[in-house]
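Got the model open in your viewer? Keep the selection box handy and follow along, stop by stop.

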Amino acid sequence: MFTISFTTKRQGQDKAGLSALLLCHGAEFIKGALFQHYDKMLGGALVRAASLRAFAGKVGESVSLIAPEDSIAQFHLIGCAPCDDEPQTTAQAMQLAGGNALRLLAHSKIKADKASLLVEAEQASLAAELALGARLGGYRFDRYKTVSQKPQSLKVLHIVVPSTGAIKELEARWAELEGLGESVFLTRDLVNEPANRLTPAVFKDRIQELSALGLEIEVLDRAQMEALGFGALLGVAQGSEQPPFTVIMRYQGAAKAETAPLAFIGKGVTFDSGGISIKPAAGMDEMKMDMGGAAAVVGVMSALARRKAAVNAIGVVGLVENMLSGAAQRPGDIVKSHSGQTIEVLNTDAEGRLVLADLLSYTRQTYKPALMVNLATLTGAIVVALGNDIAGLFSNNDQLAQALTKAGDETGEALWRMPMGPAYNRRIDSDIADMKNIGGRPGSSSLAAEFLKRFVGETPWAHLDIAGTAWAEKATALTPKGASGFGVRLLDRFVQLYSDTAS
């Protein structure tokens, strides 16, 4: 991975010539001091190129010049002003501009180990956001490539700002954002891993490595979960040869140790075959990412520890594999959950809610959190409803839902609140148990949320269904194709907003 440095010095030329990217903000970009400097150096080439391409300095726009001058190998104009038809903040636009800059360099036929990203004075205060975008956009998962692996040519990205006075503030802000980027990468790496490599045991080991950040890690094995009455979670796991685990991550950052923690709970099904209610073969390979909720929780806990957030937080993830065997759970089985409530399992492919049921009940009773937010790739229905850009939000608390929505708007990880209510809840009543795990296809995302709600009591709670957002079918400015890391930046920002309100 390339390094990022902040400097006021325009870099000297190496043998390959300078690879430069100039940030342009809106239609007034031609008045910028740096733009005018380089346009004069290049004999008006920048103005001519921008005019021919109708470049307006908006996010997503760019103009490229190859070898416009002997000492410059490539020069790119990068738009960074929010688009009129997109609900973008200035910070989001800067992040997208940084990601677009890295994509241009990656796809350029002129390879360079150094590049300079030139920032006009008016945008210099947000240069750390630009750096985060570049970092997120530069992610690659290629650890299993051998013959075809192409090493990344870029080694150093210099972000050039006009004033030395801004450097220390930018470096301090970047230290925080870089930790957030590392946490997003942790989540992406986990979700991208194939299921034969990331078994529940290996996932558990990866989490335990985070003790180096100051997280306190506790692991519950099968015997301990049996003693605690985790009948719903263990029913999912019983068909697999891979042993299940619940992993608890504790972070103590509040001024008072007794302050009630924020709890984040994640579904960690490392592979979901559907069990006896087996999934169709087409697309089943994607079910390696059915642990995306747990991976996001791990990323959030990493982010909080890295920036030493002033909160107490608990992360709880249930790690299982849902497989077929002679020991697998059968449709029609009844299991007893940690809460004492019984569940008729009518479809073994509706397994994520069974895992979360025990985790939510256990977390509520054991840690008495101020609130609970669970994340899960829970239903295909949410993808049908909202597509791949917005996650579904279900909640029993308006204030919590509003805070999460605001955090989503500010980070670009958007949420849309979905309906709940008694009409949905009645449809999961069972004739022979306290409830059943499905209630028919219509409104099935809301039915799943009502199922989870039966295990949270009066605790403020939100369920984020990230089935459509955890995986990117095509690359964007900030996310390569594959695991997106959705939820990490969202919940890190949510904690910041919560801390500001609480203080």
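Here is a walk through some strands, helices, cysteines and cavities of this predicted model.

**Stop 1: strand β9 and its neighbours**

Select residues 262–272, which is strand β9. Color by burial and you'll see that 11 of the 11 residues are buried, so β9 is largely enclosed by the rest of the structure.

Now add residues 312–322, strand β10; β9 and β10 pair in the parallel sense over nine bridges. For a landmark in this pairing, show A263, whose bridge partner in β10 is I314.

On to another partner of β9: select residues 371–376, strand β13. β13 runs parallel to β9, and five bridges join them. Here the pair to label is I265, with N374 of β13 standing opposite.

Before moving on, bring in helix α9, residues 292–306. Together β9, α9 and β10 make a β-α-β unit, and the unit is right-handed.

**Stop 2: a residue on α9**

Stay on helix α9 and pick M301. Is M301 buried or exposed? It counts as buried, because its relative accessibility is 0%. Then turn on V488 as well: the two sit 187 residues apart in sequence, but C-alpha to C-alpha the gap in space is 8.8 Å.

**Stop 3: strand β6, between β1 and β5**

Next, select residues 156–160, strand β6. Four of its five residues are buried, so β6 too is largely enclosed by the rest of the structure.

Show residues 3–7, strand β1, which pairs with β6 in the parallel sense over five bridges. F6 is a good one to label, as it stands opposite I159 in β6. Then show residues 114–118: this is strand β5, also parallel to β6 and joined to it by five bridges. In that pairing, S116 has H158 of β6 as its bridge partner.

Follow the chain out of β6 into the loop that leads to α5, and you'll find A166 there. A166 counts as partly exposed, because its relative accessibility is 21% and the buried class needs a value under 20%. Draw a distance from A166 to Q242: they are 76 residues apart in sequence, and their C-alpha atoms are 52 Å apart in space.

**Stop 4: a three-strand sheet**

Select β11 (333–336) and β16 (435–436), then add strand β12 (residues 342–345). What you have is an open sheet of three strands with mixed pairing, in the order β11-β12-β16. β11 and β16 are the edge strands, each pairing on one side only. β12 and β16 pair in the parallel sense over two bridges; to find the spot, label I343 and its bridge partner in β16, M435.

**Stop 5: helix α14**

Jump to residues 444–453, helix α14. Nine of its 10 residues are buried, so to speak of it as mostly covered is fair. The buried set includes the serines S444, S445 and S446, along with E450 and F451.

**Stop 6: the cysteines**

How many disulfides does the model contain? The count comes to zero. Select C80 to check: it is in no disulfide, and the nearest cysteine sulfur, that of C24, is 7.3 Å away. C80 is buried, with a relative accessible area of 0%.

C83 is worth a click as well. Its sulfur is 11 Å from the closest cysteine sulfur, in C80, and that is too far for a bond, because a disulfide calls for two sulfurs within 2.5 Å. C83 is buried at a relative accessible area of 17%.

**Stop 7: two cavities**

Finish inside. A search of the whole structure finds two cavities of 30 Å³ or more.

The largest cavity holds about 60 Å³ of space. To frame it, select G235, V236, G239, G275, I276, N322, M323, A328, Q329, T348 and E351, which line it. By class, this lining divides into four nonpolar, six polar and one charged.

The second largest cavity has a volume of about 40 Å³. Its lining is T187, V191, G292, A296, I466, A470, S484, G485 and F486. Five of these lining residues are nonpolar and four polar, with no charged ones. Helix α9 from the earlier stops turns up again here: α5 (167–192) and α9 each supply at least two residues of this lining.

How values were computed:
Residues numbered from 1 in each chain as written. Predicted model: local features only at pLDDT ≥ 70, side-chain atom pairs only at ≥ 80, totals over all residues. Heavy atoms only, no water. Buried < 20%, exposed > 50% of the residue type's maximum accessible area, 1.4 Å probe, protein only. Pairing = 2+ DSSP bridges. Right-handed = clockwise from strand over helix to strand, strands pointing away. 1 Å grid on protein atoms, 1.4 Å probe; cavity = no way out; pocket = protein on both sides within 12 Å on 5 of 7 lines; lining within 4 Å. Points joined across faces, edges and corners; volume = space filled by probe spheres on them. Nonpolar A, V, L, I, M, F, W, Y, C, P; charged D, E, K, R; others polar.
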